[in-house]
Amino acid sequence: MKHKITLIPGDGIGPEVTGATQRLLEKAGAEIEWEVVEAGAGALEKHGTPLPDAVIESIRRNKVALKGPITTPVGEGFTSVNVALRKQLNLYANVRPISSKYGISAKFLDVDMVIVRENTEDVYAGLEQDIAPGVAQTLKIITTVASDRIAKFAFEYARKEGRKMVHAVHKANIMKKSDGLFLKSCREIAKGYPEISYKEIIVDNCAMQMVMHPEQFDVMVLTNLYGDIISDLGAGLVGGLGLVPGANYGQDLAVFEAVHGSAPDIAGKNVANPLAVMLSAEQMMRYLGEDHVANHIKHAIIVVLTEKTHLTPDMGGTATTAELTDALMREIVH
Ligand code: NAD
């Protein structure tokens, strides 16, 4: 079946890694009509806004998007396009599977966790102000509606995927009101899933435990900021950001994107690792019911990573983005 999908190439390495992913998808037999729209720094120059209405309209129309990373200026400039997209489309659940199954990191061999991150509130609500010279304030917003919704999503995900445990990650010892409210929601929702163990862990201890004993984590549910930071920590356990895919789910919309950013330090050099976006595309094809395409992609990635002859520099190799992509495409035989 032919699918119409919105493609946002993004900034920095975005066009390189999404372009490589388009090639792989085509080779894997995906029938896709891409609707390419621009967001980010490039769109700002051309259209005067980093998030033109056409981007939101395209995703609303097609209901599925593949997105490259988008640069957000630090400390000044336009507010995050990523955050705006997630908020405007109510993409409330950010799902990031972190697995050592590809064997890139020799340090941790037994990692198989899924981060379920609340995507719409917390300090990402963007409510900031200068109160007085030298004093600034950022508001952390946590609501029962959003906390119930993400907790339910995490438990439903665990049930559907046959997972055994959900950890709620928090700092309710200090933020008794906001994180306390999040935890209350998780506890209540957990009662409806007696077959799934429910545990709570303070975020700083969680960071340490992930490095010492990552195998103890299964599904983790977190508010927005902790989810962001813990995702990158998780990526570091399994070989880096080039290997961790992600998906943002809303009511009837889904935007698939890697965890990594636009990596300006390596942009345009043909060395970016495209696997995180390719693995996001694998998830996208499963979401669309195209398991045969997803299976081709997964098989090719496993073969190429096992052989270790075409790894990009972040994985310890010398291959270019194009060489890795060519190697993956050679493994797809119909
Ligand atoms: P980053 O993820 O872009 O890069 C961190 C490090 O990882 C860099 O050394 C980079 O070279 C490396 N890296 C990342 N992806 C890689 C890949 N595919 N292959 C090889 N190496 C890779 O994080 P950053 O430097 O903190 O952020 C850069 C920009 O990206 C910022 O403007 C930030 O706001 C934005 N960002 C966007 C998203 C998104 O669009 N979803 C996510 C995170 C950061």
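Modeller: Helices (H or I, at least four residues) and strands (E, at least two) are DSSP runs, numbered from the N terminus. This is a predicted model, in which local features need pLDDT of at least 70 and side-chain atom pairs count only at pLDDT 80 or more, while totals for chains, interfaces and linings use all residues. Residues are numbered from 1 along each chain as its sequence is written, and side-chain values use heavy atoms, with hydrogens and water left out.

Biologist: What makes lysine 67 a polar contact of the ligand?

Modeller: A polar contact is a pair of N or O atoms within 3.5 Å; a polar side-chain atom of lysine 67 lies 3.2 Å from an oxygen atom of the ligand, so the pair counts.

Biologist: How do you know that histidine 260 belongs with the polar contacts of the ligand?

Modeller: An N or O atom in the side chain of histidine 260 is 3.4 Å from a nitrogen atom of the ligand, which is within 3.5 Å, and therefore this pair counts too.

Biologist: Why are nine residues of the shell around the ligand called nonpolar?

Modeller: They are called nonpolar because Ala, Val, Leu, Ile, Met, Phe, Trp, Tyr, Cys and Pro count as nonpolar, with Asp, Glu, Lys and Arg as charged and the others, Gly among them, as polar; the shell also holds seven polar and five charged residues.

Biologist: Which helix gives the most to the lining of the largest pocket?

Modeller: That is α9, with five residues, and α9 (275-287) is one of the elements that each supply at least two residues of this lining, as do β4 (93-99), β5 (112-118) and α5 (144-160).

Note on methods
A polar contact is a pair of N or O atoms within 3.5 Å; within protein, one must be able to donate a hydrogen and the other to accept it, and residues adjacent in sequence count only if both atoms are side-chain atoms.
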